[in-house]
Amino acid sequence: MTSSLELHTERLTIRDWTLGDAEAALQIYGAEEVARWLTPEMRAVHDVEAMRSVLHAWMEAQPNLVPPAGRWAIAHKRGGDLLGGLSLRLLPPFEEDFELNWQLRPDAWGNGYATEAGSAAIGWAFEQGIEELFAVARPKNTRAIATARRLGMEWVGETEKYYSTRLQVFRIRPSDTAVRTR
Ligand SMILES: CC(C)(COP(=O)(O)OP(=O)(O)OC[C@H]1O[C@@H](n2cnc3c(N)ncnc32)[C@H](O)[C@@H]1OP(=O)(O)O)[C@@H](O)C(=O)NCCC(=O)NCCS
């Protein structure tokens, strides 16, 4: 059982994290524009040591996750620059719904990278046999909401069931991707 992965898109590589990513990953997860939308545990990543510990924990957990769950890095194909991260996981507390989420380095926003990586991750997740995938975003997280829509995700509604905070919920199913690519 493993969620080790390497996917290639037109401009990007989606790959496993390494400890060598710590410095570059801090440019993503240590950035206030990104951290403000993340969980409290991630908001505490302020230096390379803390980032390395987080990556270490992710890498240790990865082999025990049931696919399609996992956390991966998004790098530029040309030159290999680290641009962001994405993960697939079961949403707490019920762990029934698979969530896709993404984070990009702020200076990489506005190029369609989250959409490109997200689309590849969705395709791969559906190949693993799941029947639907969700994205959740706080109502003011307009960029995340726009990316979910760009990915062809459908607005489902608002809920407090996942983190006891009001979240917009988006969903995509394999049949939606079939319609989109036709
Ligand atoms: C959410 C997040 C990943 C979105 O990043 P993004 O770069 O805006 O997302 P996309 O990949 O969808 O890019 C869309 C933008 O690129 C532009 N773009 C350029 N080339 C493009 C292409 N080939 N395809 C699609 N869009 C393209 C679009 O016009 C759009 O521009 P706009 O922002 O001016 O409207 C980023 O804002 C982020 O890291 N936020 C903080 C963390 C977060 O909230 N994550 C989500 C919840 S966990």
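## A loop with a twist

E95 has its place in the loop between β4 and β5; strands (E, at least two residues) and helices (H or I, at least four) are DSSP runs here, numbered from the N terminus. What is the sign of phi at E95? Phi is positive, near 55 degrees, and E95 is a residue other than glycine.

This is a predicted model, where local features need pLDDT of at least 70 and side-chain atom pairs count only at pLDDT 80 or more, while totals for chains, interfaces and linings use all residues. Residues are numbered from 1 along each chain as its sequence is written, and side-chain values use heavy atoms, leaving out hydrogens and water.

## Two cis prolines

The loop between β4 (82-90) and β5 also holds P93. Going from P92 to P93, the peptide bond is cis, and its omega is near 0 degrees.

There's another cis bond to look at, the one from P67 to P68, this time with omega near 15 degrees. To find P68, go to the loop between α4 and β3 (70-76).

## Rings that pair up

How many aromatic pairs does the structure hold? You'll find 4 of them, counting Phe, Tyr and Trp rings (the six-membered one for Trp) with centres within 6.5 Å. One of these is W17 with W58, with 5.6 Å from centre to centre and 55 degrees between the planes, which makes the pair tilted (under 30 degrees would be stacked, over 60 edge-to-face).

Why does this pair tie parts of the chain together? W17 lies in the loop between β2 (12-15) and α1 (22-29), while W58 is in helix α4 (residues 48-61), so the two rings link parts that are 41 residues apart in sequence.

## Around the ligand

Now for the ligand: 19 residues surround it, and W102, T115, N141, R143 and R150 are the closest. To be near, a residue needs a heavy atom within 4 Å. Three elements, β5 (98-104), α5 (113-127) and α6 (142-150), each put at least two residues into the shell.

Polar contacts (N or O atoms within 3.5 Å) show up here too. A polar side-chain atom of R150 sits 2.6 Å from a ligand oxygen. The backbone joins in as well: a polar backbone atom of L104 is 2.8 Å from an oxygen of the ligand, and for a backbone N or O atom of G112 the distance to a ligand oxygen is 3.1 Å. On its own the ligand has 940 Å² of accessible area, and the protein covers 72% of that (Shrake-Rupley method, 1.4 Å probe).

Methods:
Polar contact = N/O pair within 3.5 Å; in protein donor to acceptor, adjacent residues only side chain to side chain.
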